[in-house]
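Let's take a walk around a ligand and see what holds on to it. Have a look at the structure below before reading on.

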Amino acid sequence: MLPQMGCEAWVVGGWVRDLLLGRPSKDIDIVVEGSGIELAQKIAGELPGGQKLKVFKNFGTAMLRIDDWEIEFVGTRKESYRSNSRKPIVEDGTFREDISRRDFTINSMAISLGKKNFGSLEDLYGGLEDLQKKQIRTPLDPEITYSDDPLRMMRAIRFAAQLNFKIDAASFEAICKNNSRIKIVSIERTMDEFNKIMRSPHPAKGLKLLKKAGLLKEFFPELNAMQGVEVVSGKAHKDNFYHSLQVLENLSQRSDNLWLRWAALLHDVGKPRTKQFDEKAGWTFHGHEFVGAKMVPGIFKKLRLPQDEKMKYVQKLVLLHLRPIVLSESIVTDSAVRRLLFEAGDDIDDLMTLCEADITSANKQKVKRYLRNFELVRQKLQEIEEKDKIRNWQPPVTGLDIMETFNMGPGKEVGIIKTAIREAILDGIIPNEREAALQYMLQEGKKLGLTPVKDVN
Ligand code: ATP
Ligand code: MG
């Protein structure tokens with residue numbers, strides 16, 4: 001349809017790159033010499049309904065939605081930058097100018113939709129060759145490219161992690177030089193890219209690059225601070241940053257769950273603050289799981305990550321990450337297993353996956369032994385859960401039951417009795433059953449000087 005309209009237009013950027021890489025994508029960007037909005041309106045007019053057109057006048061763009069395809073139209077433009085903002089001054093420009101403002105050669109290829117050479121690949125900066133070489137390179141001077149829009153530094157590393165590409169040496173040098181300019185990018189944009197790294201097949205690769213380029217220290221100092229090894233009296237501790245990356249990498253082979261990956265990244269974040277050296281015991285990090293869990297809300301807030309149950313989930317896993325190890329090391333009581341089931345609830349399987357990923361020893365025998373131990377913990381968890389149903393804890397006796405039995409309103413006593421019943425069940429004093437819990441309630445009420453007014457049987 002486009003050639004007949006007689007306009008010069010191109011599909012450009014990510015869709016072309018992904019087509020050549022064989023990665024299916026439903027986001028198409030079309031640039032046109034002239035008005036993107038007018039072209040989109042014309043096309044929408046020719047199509048037999050069912051599609052949705054959205055016009056963004058201020059940006060000079062229009063978005064056409066056909067089924068689950070999103071096609072964005074915009075006129076070719078050029079950009080110029082000021083030093084204090086990553087937002088450029090945008091003006092109409094030629095196709096060549098439009099292409100040369102793009103971040104990477106692999107993102108600068110276009111497929112013509114015009115009459116003369118419909119379907120041909122326009123590759124002004126050697127993007128195809130870089131795709132083959134698997135490298136990230138900027139079309140223009142990398143110094144200027146990254147300095148103009150520092151978000152591109154995050155994007156370079158994100159593509160390296162997503163596509164398993166390397167960053168061209170000149171590019172990487174320019175990123176290192178400009179790292180502190182990431183500060184002019186909003187934390188939301190930075191974290192969008194960070195989370196794309198976290199979701200990628202090899203997040204540790206991206207994180208290593210962020211560290212190496214000096215970007216991590218700019219926006220995520222708590223993680224950056226985990227790097228380093230101290231030696232006292234000839235004793236060194238392990239590098240907690242690279243250990244965490246290995247755990248993240250192990251976990252990412254087993255799970256795509258972004259927040260579980262975050263828990264892997266942060267599980268030891270409390271270590272720098274709890275590090276101590278003892279001549280006898282060597283390096284210790286006592287309580288790092290508590291300190292780490294306490295740090296999670298602040299980190300999430302600063303990085304503008306969710307403050308809801310996703311954060312609480314990460315916090316919980318950080319807090320509990322040592323518990324299954326304890327269960328595997330000693331002869332465990334049923335009560336310890338019940339307590340972990342109670343605290344972890346439905347996240348118990350994720351916690352076990354995290355713990356298994358936390359085994360980073362290079363000694364294969366050791367790894368095997370630890371994994372076998374965890375298998376035993378899993379079995380034990382399953383056995384106890386089948387018997388006692390603790391995972392989805394619902395108190396067998398409610399506050400209302402207690403109030404009705406002793407004819408009283410809400411108050412301290414209700415809480416005391418409820419807690420006593422729960423503790424008795426977790427300790428195995430009574431089974432997790434209503435009948436036993438009611439009897440226990442009467443007994444506890446009596447201790448508090450309460451008299452039942454209702455027959456509980
Ligand atoms: P993905 O959609 O997988 O995130 P993408 O490359 O399509 O990757 P978009 O943000 O959709 O990324 O951008 C579309 C195109 O716009 C890119 O391919 C690139 O040509 C250009 N582009 C995007 N962001 C920038 C930027 N910060 N600087 C220069 N060009 C950019
Ligand atoms: Mg895209």
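Start with the company ligand 1 keeps: its shell has one nonpolar, three polar and 10 charged residues. Here Ala, Val, Leu, Ile, Met, Phe, Trp, Tyr, Cys and Pro count as nonpolar, Asp, Glu, Lys and Arg as charged, and the others, Gly among them, as polar. Bear in mind that this is a predicted model, where local features need pLDDT of at least 70 and side-chain atom pairs pLDDT 80 or more, while totals for chains, interfaces and linings use all residues. Residues are numbered from 1 along each chain as its sequence is written, chains are lettered from A and ligands numbered from 1 in the order written, and side-chain values use heavy atoms, without hydrogens and water.

Of the 14 residues around the ligand, G14, R17, N107, D149 and R152 come nearest (near means a heavy atom within 4 Å).

Now for the polar contacts (N or O pairs within 3.5 Å). Oxygen atoms of ligand 1 lie 2.9 Å from a polar backbone atom of N107, 3.2 Å from a side-chain N or O atom of R155 and 3.0 Å from one of R158. Taken alone, ligand 1 exposes 580 Å², and the protein buries 73% of that (Shrake-Rupley areas, 1.4 Å probe).

Which domains supply the shell around ligand 1? Domain 1 (1-131) and domain 2 (134-219) each give at least three residues, with bounds from an automatic or database domain assignment.

Methods
A polar contact is a pair of N or O atoms within 3.5 Å; within protein, one must be able to donate a hydrogen and the other to accept it, and residues adjacent in sequence count only if both atoms are side-chain atoms.
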